[in-house]
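Visitor: I would like to go through this protein one question at a time. Please keep the answers short.

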Amino acid sequence: MAKIELHVHLEGTVRPATLLEIARRNRHPLPAPDERALADLFAFRDLRHFAGVWNLTTSCLRTADDFRRIVVDYAGEAARHGAVYIEGIVTPEQSLADEVGLDRVLGGYCDGIAEAEETHGVIVRLTPEQCRGCDPAFGEALARAAVAHRERGVVGFGLSGVEDHFPDGPHLRAMWIAADGGLGLVPHAGEAAGPAAVRSALWMGAARIRHGIRAVEDPELLVELAERGTVLDVCPTSNVRLGYATFDHHPLRTLAAAGVACSISTDDPALFDTDLSAEYAHAERLGVGAADAYRAGYNGALCDPTTKSRLPEPAYLNPLR
Ligand SMILES: O=c1[nH]cnc2c1ncn2[C@@H]1O[C@H](CO)[C@@H](O)[C@H]1O
């Protein structure tokens, strides 16, 4: 059955062997010398700890060709798991933008999406994002660069990072520059912080919400999400690996029972040692079958209608079920 993946950080898809090879080529030291040591480093305590490791490891990606390659490689991997459409997140940080230039970074990714479709038959679209705590002026520059790459496959703009330490306020202007430029807003919210963060994301104008799992703490919010049809991009293994859930007690079950549409993704498959088939299998056990996940993905996808018409239609939803 076809799969759609809407929440995957492309920097977090690079498997350890490739990451080590790229780091060596770019002469960018990694905090671990081999695959075993990298696996040890990936024993995360929480989002804050994860963010530190993420920055240390993904910062070895430096050239436009690295960015092109990681899109093509991941599209190949996801295609083997049945993916037909992917929205990949990219989070260039300021030092990379200063060194390489935002246009070259985003241009590299855009080259990758064209090649990914040719080589693997997977449609890839991009949602760059600013990381909470970055200089808001940098976030705004990133939003403008994202808008400038709309014709090449950028469809959305996000907000990530440690949400319980950095409020949305300083980053709103960038979000609204992106929205004005025609991009869908896809902030992370309700992962490390509670329902107020999800409400803030809705208020900001979110087209979908990345994670959103802590909405289950507020029954009224669940009703609102279900009525609005807001899609949450849920990543079961990520939530378990960062300590926000267990597979036995995962909020996905409650979200599904409340009628909230949930798409299913890997988040950072290389760092969490998972893949799209494994995430769909976890979701199935938690009450979201592959057809439900596909329908949520299809409805939540930010691509234009012509592109969407190239994707398989979701299975008919029996209203009496
Ligand atoms: O699940 C996630 N929540 C928040 N940030 C994430 C997640 N996965 C990857 N990142 C990435 O980690 C960096 C530091 O937070 C950010 O750059 C963000 O893009």
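Visitor: Which residues does Gly153 touch, not counting residues up to four places away in sequence?
Guide: This is a predicted model. Gly153 sits in the loop between helix 7 and strand 4. Leaving out residues up to four places away in sequence, Gly153 touches Ile113, Arg125 and Leu126.

Visitor: Is Gly153 buried or exposed?
Guide: Buried means under 20% relative accessible area. The relative accessible area of Gly153 is 7%, so Gly153 is buried.

Visitor: What distance separates the C-alpha atoms of Gly153 and Arg241?
Guide: Along the chain, Gly153 and Arg241 are 88 residues apart. In space, their C-alpha atoms are separated by 31 Å.

Visitor: How far is His188 from Cys131, C-alpha to C-alpha?
Guide: His188 is part of strand 5. In sequence, His188 and Cys131 are 57 residues apart. In space, C-alpha to C-alpha, the distance is 9.9 Å.

Visitor: Why does His188 count as buried?
Guide: The cut-off for buried is under 20% relative accessible area. His188 counts as buried because its relative accessibility is 5%.

Visitor: Which histidines does His188 touch, not counting residues up to four places away in sequence?
Guide: Residues up to four places away in sequence are set aside here. Contacts of His188 include Ile89, Glu129, Arg132, Leu159, Ser160, Glu163 and Arg210. The list also holds His7, His9 and His211.

Visitor: Which residues of helix 8 are buried?
Guide: Helix 8 covers residues 172-180. Its buried residues are Leu172, Ala174, Met175, Ile177 and Ala178.

Visitor: Which strands are among the elements that cover the buried residues of helix 8?
Guide: The cover includes helices as well as strands. Helix 7 (136-148) and helix 9 (195-204) are among the elements. The strands include strand 3 (123-131), strand 4 (156-160) and strand 5 (184-189).

Visitor: Which residue with a positive phi follows helix 8?
Guide: The phi in question is near 95°. It belongs to Gly182.

Visitor: Which helices do the buried residues of helix 1 pack against?
Guide: Helix 1 runs over residues 16-25. Its buried residues are Pro16, Thr18, Leu19, Leu20, Ile22 and Ala23. They pack against helix 2 (35-41), helix 3 (47-58) and helix 4.

Visitor: What is the phi of Arg27, just after helix 1?
Guide: Arg27 is in the loop between helix 1 and helix 2. Arg27 is not a glycine, yet its phi is positive. The value is about 50°.

Visitor: Is Arg27 buried or exposed?
Guide: Exposed means over 50% relative accessible area. Arg27 has 75% relative accessibility, so Arg27 counts as exposed.

Visitor: Where does Asp273 lie?
Guide: Asp273 is not a glycine, but has a positive phi of about 50°. At 66% relative accessibility, Asp273 counts as exposed. Asp273 lies in the loop between helix 13 (269-272) and helix 14 (276-285).

Visitor: Which residues does Glu77 touch, not counting residues up to four places away in sequence?
Guide: Glu77 lies in helix 4, residues 64-80. Its relative accessible area is 11%, so Glu77 is buried. With residues up to four places away in sequence left out, Glu77 touches Arg15, Thr274 and Asp275.

Visitor: Which residues does UniProt give for the feature "domain: Adenosine deaminase"?
Guide: The UniProt entry is unreviewed. The span is 50% helix and 16% strand. Its end C-alpha atoms lie 11 Å apart. UniProt places the feature at residues 3-296.

Visitor: What radius of gyration does the protein chain have?
Guide: The C-alpha atoms fill a box of roughly 60 × 40 × 40 Å along the principal axes. For 321 residues, a compact globule would have a radius of gyration near 20 Å. The protein chain agrees with that, at 18 Å.

Visitor: What percentage of the 321 residues is buried?
Guide: The protein chain holds 16 helices and 8 strands. Among contacts with a separation of 6 or more, 72% join residues 24 or more positions apart. Of the 321 residues, the buried ones make up 58%.

Visitor: How far apart are the mean positions of the positive and negative charges?
Guide: The protein chain has 31 positive and 45 negative charges. Their mean positions are separated by 2 Å.

Key:
Residues numbered from 1 in each chain as written. Predicted model: local features only at pLDDT ≥ 70, side-chain atom pairs only at ≥ 80, totals over all residues. Heavy atoms only, no water. UniProt positions renumbered as here; feature names shortened; annotations may be inferred. Helix = DSSP H or I, 4+ residues; strand = E, 2+ residues; numbered from the N terminus. Rg over C-alpha atoms; globule rule 2.2 N^0.38 Å. Buried < 20%, exposed > 50% of the residue type's maximum accessible area, 1.4 Å probe, protein only. Contact = heavy atoms within 4.5 Å. Lys, Arg positive; Asp, Glu negative; His and termini not counted. Charge placed at Lys NZ, Arg CZ, Asp CG, Glu CD.
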